[in-house]
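Okay, thanks everyone for coming. I'd like to walk you through a structure I've been looking at, so have it open in front of you.

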Amino acid sequence: MSEVRYVTLISDFGTEDGYVGAMKGIILNGASHARVVDVSHDIEAFNIRQAAFAVKNAAGHFPPGTIHIVVVDPGVGTARKPLVVQTSEYFFIGPDNGVFSFIYAQEGYQAFEIKPQVFGHPISSTFHGRDIFAPAAVKLLTAEPLSKFCEPAGEVVSFFEPLEKISDNEYELRVIHVDHFGNLILNLNREVWQRMAGNRTARIKLDRGFLVGIQDTFGSAPKGRLLILWDSSGYLQIAQNHGNASESLQIKTGHKLTLQLIDDEKV
Amino acid sequence: MSEVRYVTLISDFGTEDGYVGAMKGIILNGASHARVVDVSHDIEAFNIRQAAFAVKNAAGHFPPGTIHIVVVDPGVGTARKPLVVQTSEYFFIGPDNGVFSFIYAQEGYQAFEIKPQVFGHPISSTFHGRDIFAPAAVKLLTAEPLSKFCEPAGEVVSFFEPLEKISDNEYELRVIHVDHFGNLILNLNREVWQRMAGNRTARIKLDRGFLVGIQDTFGSAPKGRLLILWDSSGYLQIAQNHGNASESLQIKTGHKLTLQLIDDEKV
Amino acid sequence: MSEVRYVTLISDFGTEDGYVGAMKGIILNGASHARVVDVSHDIEAFNIRQAAFAVKNAAGHFPPGTIHIVVVDPGVGTARKPLVVQTSEYFFIGPDNGVFSFIYAQEGYQAFEIKPQVFGHPISSTFHGRDIFAPAAVKLLTAEPLSKFCEPAGEVVSFFEPLEKISDNEYELRVIHVDHFGNLILNLNREVWQRMAGNRTARIKLDRGFLVGIQDTFGSAPKGRLLILWDSSGYLQIAQNHGNASESLQIKTGHKLTLQLIDDEKV
């Protein structure tokens with residue numbers, strides 16, 4: 001219990017009102033071995049997908065045992081559940097609104113619903129970061145058993161739609177996020193790909209032509225050229241070297257694309 | 001002296017020039033047991049009330065002994081005093097321009113004027129964060145007695161105007177800050193209210209009609225409805241559920257309102 | 001190896017994608033005695049001079065042994081070298097594109113080129129913060145000898161142009177940065193000045209008139225007046241008290257000015 005434990009913070013609060021400061025104070029006051037690490041407080045207001053993307057990119061690099069808090073929570077005060085999500089290495093704390101969609105898609109997890117009524121302090125309907133999520137982190141930091149303040153959550157909310165199979169060689173892909181460079185993040189990660197692809201490679205149909213083969217780096221394509229590659233944490237994306245794929249292709253979040261698996265020899 | 005001590009930082013510096021970085025370096029170099037925690041560097045330039053509001057919201061959640069530095073300082077280089085303010089749990093360091101108004105209104109405090117000439121290094125007229133406030137924090141962190149680098153400050157600057165009594169049942173309230181949601185923060189905190197109210201409840205006169213009763217949460221009012229409630233650190237505010245009270249009422253900082261104390265039965 | 005070591009971060013990444021978070025995770029996961037300190041992630045995209053200015057202002061205040069990482073890297077993925085720069089007190093890690101120009105001008109240094117192929121993990125062409133710079137910091141933190149992952153870098157890139165001598169009493173100065181207050185930062189630091197000036201003082205020719213003498217503080221000039229003074233880390237600058245020198249003089253980065261050394265008596 002006296003070993004250092006990191007708590008990362010992601011929110012759309014900005015910092016200028018001191019609300020993030022309040023959360024930091026609660027965590028540091030509740031657990032002297034905690035170290036708070038800012039990931040971002042500049043998430044666009046209510047942008048759940050941007051927050052989900054940030055926690056996906058950052059979380060896996062932290063030491064095992066790290067607690068990742070994400071408070072982008074347009075439904076604060078409504079019936080949406082406050083969650084603790086446990087994976088093999090980390091805890092995630094935040095609202096049940098999809099902010100952990102990538103985490104669910106990536107690995108095994110258990111989701112628990114926080115029961116804030118056991119906390120013994122009043123719970124506002126507007127600031128669950130202070131009243132529920134930071135106190136839940138303190139409970140984890142002080143080794144309180146999950147069963148003391150949580151129940152199994154049942155089904156959780158995810159915007160990550162699994163691949164839809166069209167035929168033996170065709171799947172329907174979905175654009176699940178457009179990052180701020182205009183890269184189109186797709187609902188397919190490397191593990192799933194490796195299981196399904198075998199010796200075959202990927203071809204994605206666009207309005208005009210195809211993209212063939214998965215590249216390792218942007219530099220594999222000439223400037224201005226579109227390409228398929230794995231993003232920094234292993235999700236398939238369509239990018240444009242020195243360009244903005246979303247603008248060039250006029251494609252946004254939610255768009256459907258067809259993925260074909262073709263024999264490597266045909267490339 | 002070797003126990004962890006937190007130092008929080010609030011400023012309107014932004015970060016891109018490295019000036020906040022310089023302050024962090026001075027603190028960490030001067031006291032190896034210090035931990036620096038960012039509260040905000042995005043305070044609007046020279047916005048003393050916004051900084052005062054942020055430190056009010058964040059400060060009280062930190063462990064006892066925490067040092068809160070606030071550098072929003074339009075008068076840097078003029079005769080305004082550099083202060084150390086001591087309360088029962090914390091130290092506050094910053095300029096004597098009102099940034100600690102809420103702290104003074106809340107609890108007992110002692111204010112000291114820093115005498116930077118004893119620091120033994122040159123004091124610029126533009127960067128007291130580096131030359132006075134961070135070094136003063138180092139002195140506190142290294143257990144130097146206040147009397148070695150401070151004198152009693154005498155009267156300090158506050159924008160917190162106390163309630164004005166109009167009659168037995170009427171007081172004049174003042175809007176002392178509009179937060180970024182448009183909530184109107186008033187010059188009345190829960191402790192003062194409890195002493196004056198007895199069994200009575202609050203009614204605030206507006207141009208059209210009244211607001212009656214103090215709610216606990218935003219959700220106590222239907223969407224779009226105005227209400228009176230305690231803010232996150234116990235100050236009375238007028239808010240609009242899912243709306244912007246300042247815009248709806250066309251009321252800004254400095255506006256006066258009439259508070260009436262009425263019998264609970266009349267509600 | 002178990003003593004606290006600080007790692008400061010400067011980037012133009014913003015925080016909202018979680019990329020800075022990934023770098024923090026790698027450092028904290030790789031070295032349990034590391035403490036990560038944000039200096040800025042709000043550097044203007046690709047603005048090497050602004051990053052150079054920030055690291056100049058912040059770096060020297062940190063404890064000896066601190067590692068300063070600067071990732072403003074428009075040339076990521078090209079042949080520009082990844083560097084470790086060692087000075088008597090610090091390590092600097094970042095791309096060889098001029099971000100350390102002020103560091104080179106200030107003191108003795110040794111520059112090394114990082115050889116990321118020894119890291120044993122794939123190196124993307126887009127995110128060297130995660131793949132090269134943070135891992136290099138971990139190597140330093142875990143006391144791996146520089147020779148194991150670096151080679152001497154040879155010549156390094158600097159935008160700091162040394163003074164050009166025109167005559168015994170005249171030098172050509174260059175504006176190397178305009179800070180966000182509009183102050184004109186010049187390519188002359190206090191050490192160089194002291195060696196060259198002797199008993200003489202400075203006079204800078206402007207389109208209309210001269211500025212004479214180096215002041216210690218802004219307040220030495222009346223409001224609105226231009227003046228020459230040392231900036232917070234000992235570089236000569238032209239500033240305007242309560243004004244914007246760059247706008248008033250219509251002078252930008254790259255502009256040349258004539259510095260005259262005149263006898264003190266003539267002032």
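Let me begin with a small one: where in chain B is Thr87(B) found? Thr87(B) sits in the loop that runs between β4 (82–86) and β5 (91–95) of chain B. Before I go on, please keep in mind that this is a predicted model. So, is Thr87(B) buried or exposed? Thr87(B) is buried, and its relative accessible area is 7%. As for what surrounds this threonine, leaving aside residues up to four places away in sequence, Thr87(B) touches Phe92(B), Ile103(B), Glu107(B), Gly108(B) and Tyr109(B).

Now let's zoom out to the chains. If you rotate chain A by 120°, with 0.0 Å of shift along the axis, chain A superposes on chain C with an RMSD of 0.0 Å. The two copies are therefore related as by a three-fold rotation axis. What about the surfaces they use? Only 4% of the interface residues of chain A are also interface residues in chain C, so the copies meet through different surfaces.

Let's look at that contact between chain A and chain C. Chain A puts in 25 residues and chain C puts in 21 residues. About 1,900 Å² is buried between chain A and chain C, and carbon and sulfur atoms give 52% of that area. Which three residues of chain A supply more of its buried area here than any other three? Those are His61(A), His180(A) and Ser232(A), which supply 25% of the area that chain A buries against chain C. On chain A, β2 (34–40) and α2 (48–59) each supply at least two residues of the side that touches chain C. By class, that side of chain A divides into twelve nonpolar, nine polar and four charged residues.

You might ask how many salt bridges cross the interface of chain A and chain C. The rule finds zero of them there. For polar contacts, the rule finds four residue pairs across the interface of chain A and chain C, with both residues at pLDDT 80 or more.

Next, chain B against chain C. Here 21 residues of chain B are in contact with 25 residues of chain C. The area buried between chain B and chain C is about 1,900 Å², with 53% coming from carbon and sulfur atoms. On the chain B side, Glu16(B), Asp17(B) and Leu28(B) supply 29% of the area that chain B buries against chain C, which is more than any other three residues. The elements α1 (19–30) and β2 (34–40) of chain B each give at least two residues to the side touching chain C. The biggest giver is α1(B), with eight residues. Sorted by class, that side of chain B has seven nonpolar, nine polar and five charged residues. Again, zero salt bridges turn up across the interface of chain B and chain C, and four residue pairs are in polar contact there, both at pLDDT 80 or more.

So where are some salt bridges? Over all chains, the count by this rule is 24. One of them joins Asp231(B) to Lys56(B), with the closest N and O atoms 2.7 Å apart. This pair links distant parts of the chain: Asp231(B) is in the loop between β14 (226–230) and β15 (235–240) of chain B, Lys56(B) is in helix α2 (residues 48–59) of chain B, and they are 175 residues apart. Asp231(B) is buried, at a relative accessible area of 8%. Lys56(B) is buried too, with 4% relative accessibility.

Chain B also has a salt bridge between the side chains of Asp73(B) and Arg80(B), at 2.7 Å from N to O, and both of those residues are buried. Over in chain C, Lys115(C) and Glu113(C) pair through their side chains at 3.5 Å, N to O, and these two are buried as well. In chain A, Glu113(A), Lys115(A) and Glu151(A) are linked in a network of salt bridges.

Last stop, backbone angles. Most residues other than glycine have a negative phi. His242(A), however, has a positive phi, near 60°. His242(A) lies in the loop between β15 (235–240) and α6 (245–249) of chain A, and it counts as exposed at 63% relative accessibility. Ala143(C) also has a positive phi, of about 65°. You'll find Ala143(C) in the loop between α4 (128–141) and β7 (150–152) of chain C, and Ala143(C) is exposed, at 55% relative accessibility.

How values were computed
Residues numbered from 1 in each chain as written. Chains lettered and ligands numbered in written order. Predicted model: local features only at pLDDT ≥ 70, side-chain atom pairs only at ≥ 80, totals over all residues. Heavy atoms only, no water. Contact = heavy atoms within 4.5 Å. Buried area = accessible area lost by both parts, 1.4 Å probe. Salt bridge = Lys/Arg side-chain N within 4 Å of Asp/Glu carboxyl O. Polar contact = N/O pair within 3.5 Å; in protein donor to acceptor, adjacent residues only side chain to side chain. Helix = DSSP H or I, 4+ residues; strand = E, 2+ residues; numbered from the N terminus. Nonpolar A, V, L, I, M, F, W, Y, C, P; charged D, E, K, R; others polar. Buried < 20%, exposed > 50% of the residue type's maximum accessible area, 1.4 Å probe, protein only. Least-squares fit on C-alpha atoms with pLDDT ≥ 70 in both.
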